[in-house]
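Colleague: Could you take me through this one before I set anything up? I'd like the conventions spelled out as we go.

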Amino acid sequence: RLLSSSGALSSQEIVEEAEILQEKDDLKGRIFRLRLPKRSATNVIERWVSEGNTVTISDLRCISKDLTRSQRYKHALEISEWMVAHDEFEMSDSDYAVRIDLMTKVFGIDAAERYFEGLPHSAKTNETYTALLHSYAGAKLTEKAEGLVESIKRSNLSFNALTYNEMMTLYMSVGQIEKVSLIVEEMKRQKVEPDIFTYNLWISSCAATFNIVQVRAILDEMGHDSDSRENWVKYINLVNIYLSTNNLASESPLVETAKSVTQREWITYDFLIILYAGLGNIDRINQIWKSLRMTKQKMTSRNYICILSTYLMLGHWKEVGEVIDQWRESASTDFDITACNRLIDALTELGLTEKVNDFELLLIERNCDPTKESN
């Protein structure tokens, strides 16, 4: 148990101990009733076992996953540490990967790096490498991520779509959009099959550079790819469900309709708009945008940039002006300077001077300097 500085349990801790014993008595319940991060999940497990109860590795994995979903990373990490400390539990590649992610969240990148370096060679698998790569991508550490990819290549481990997707996500986040297509080319050379998330990122990168021709080419490739066709049809069906239910504020109806779609693969509203841009279906785009604006979802600069890019690609200048006005009327204070600068350049190249002035005025009103690139 966690002692106070005087060596005794504090009054608050005594009350919590009593509550834990009085309420429903199972391991998950005891751990979730720990109100404060400083309280030890390890102590709870030890007490559970000392009382003659059993605990399985699957139980611990499930509890850790639920804690992570609740953003209680410290307690989830303590469960992982308890698993490592007990030889009767055989750690899987996924367990090591989860531990790297949790260490990043609790102690930072440096701790995760040290842990990875200390793993036995047999545990340095594609899964653990990708977990560390995910940490680098989240922190936008481009050089470290690229160096890690080279290490994976030297280790002769096989790449999968997830590894490449992490790099594509990183390049999108730091504004190096031109590198996304290079990743796709490497995937094809290495004969790694793209998944729907790969296509999502690839299409989004083309839309960000207003390359509607390439967007349509990618959609055509998806339609003819025997390995992705089933998913492609599934997503088109999901688009239609979004529109027919007119319920963009909630994912639940769609989850019930297509339970085989994983959370990682879930399409964003922006992707729906880009998909229909590639198909040239302006009516669907207008409908999605109108429905999205009617929900309570908080609109971000990404949402506005996406619809503006789409209207520009399809040559709908009037709608461009309307969206800029809608943005001005919104309470949004979130601005991606790199994306805003690309939009200004596109408007300028098209000779839409009035709309350039309107957009720059919007940025000035929100104390946003379009000449300064974001880090």
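Modeller: Two terms come first: contact means heavy atoms within 4.5 Å, while helices (H or I, at least four residues) and strands (E, at least two) are DSSP runs numbered from the N terminus. This is a predicted model, in which local features need pLDDT of at least 70 and side-chain atom pairs count only at pLDDT 80 or more, whereas totals for chains, interfaces and linings use all residues. Residues are numbered from 1 along each chain as its sequence is written, and side-chain values use heavy atoms, with hydrogens and water left out.

Colleague: Fine. How many helices and strands does the protein come to?

Modeller: The secondary structure comes to 21 helices and 0 strands. Of the contacts with a separation of 6 or more, 60% are accounted for by residues 24 or more positions apart.

Colleague: And what percentage of the residues count as buried?

Modeller: Of the 375 residues, 47% count as buried, where buried means under 20% relative accessible area, exposed means over 50% and partly exposed is in between, with a 1.4 Å probe and protein chains only.

Colleague: Let's pick a helix. Which residues of α5 are buried?

Modeller: In α5 the buried residues are H75, A76, L77, E78, I79, S80, W82 and M83, and the elements covering them include α2, α3, α4 (57–69) and α6. The helix itself, residues 73–85, has 13 residues and reaches 18 Å from its first C-alpha to its last, close to the 18 Å expected at 1.5 Å a residue; that expected span is 1.5 Å times one less than the number of residues.

Colleague: H75 is in that set, so what touches it from the loop between α2 and α3?

Modeller: P37, which sits in the loop between α2 (27–32) and α3 (41–50), touches K74 and H75 once residues up to four places away in sequence are set aside. The C-alpha atoms of P37 and H75 are separated by 7.0 Å, although the two are 38 residues apart along the chain. P37 counts as exposed at 52% relative accessibility.

Colleague: And D95, is that buried or exposed?

Modeller: D95 is buried, with a relative accessible area of 9%, and its place is in helix α6 (residues 93–107). Beyond its neighbours within four places in sequence, D95 is in contact with I57, R61, M83 and E90; M83 is one of the buried residues of α5.

Colleague: Switching to the core: which residues have the most contacts inside the largest one?

Modeller: The largest nonpolar core has 105 residues, and those with the most contacts inside it are L27, I31, L60, I203, W289, W327 and F359. Domain 1 (197–297) and domain 2 (312–374) both give residues to this core, so it lies between them. By nonpolar core I mean a set of buried Ala, Val, Leu, Ile, Met, Phe, Trp, Tyr and Cys residues joined through side-chain atoms within 4.5 Å, and the domain bounds come from an automatic or database domain assignment.

Colleague: What is W289 in contact with?

Modeller: Apart from neighbours within four places in sequence, W289 is in contact with I273, M299, N303, Y304, I307, Y311, V323 and Q326. W289 is also among the buried residues of α17, together with I282, I285, I288, S291 and L292. The 13 residues of α17 (residues 282–294) should span 18 Å at 1.5 Å a residue, and the end C-alpha atoms are 18 Å apart, which agrees.

Colleague: Backbone oddities next. Which residues other than glycine have a positive phi?

Modeller: Among them are K140, with a positive phi of about 60°, and N156, with phi near 65°. K140 lies in the loop between α8 (126–138) and α9 (142–154) and counts as partly exposed at 40% relative accessibility, whereas N156 is found in the loop between α9 and α10 (161–173) and is exposed, with a relative accessible area of 70%. Most residues other than glycine have a negative phi.

Colleague: How many disulfides does a search find?

Modeller: The search of the whole structure finds 0, a disulfide being a pair of cysteine sulfur atoms within 2.5 Å. As for two of the cysteines, C62 is partly exposed, with a relative accessible area of 48%, while C340 counts as buried at 0%.

Colleague: Last one: what does UniProt list for residues 160–194?

Modeller: The unreviewed UniProt entry lists those residues as "repeat: PPR", and annotations of this kind, with positions in the numbering used here and feature names shortened, may be inferred rather than shown by experiment. In the model, the end C-alpha atoms of residues 160–194 lie 8 Å apart, and the span is 71% helix and 0% strand.
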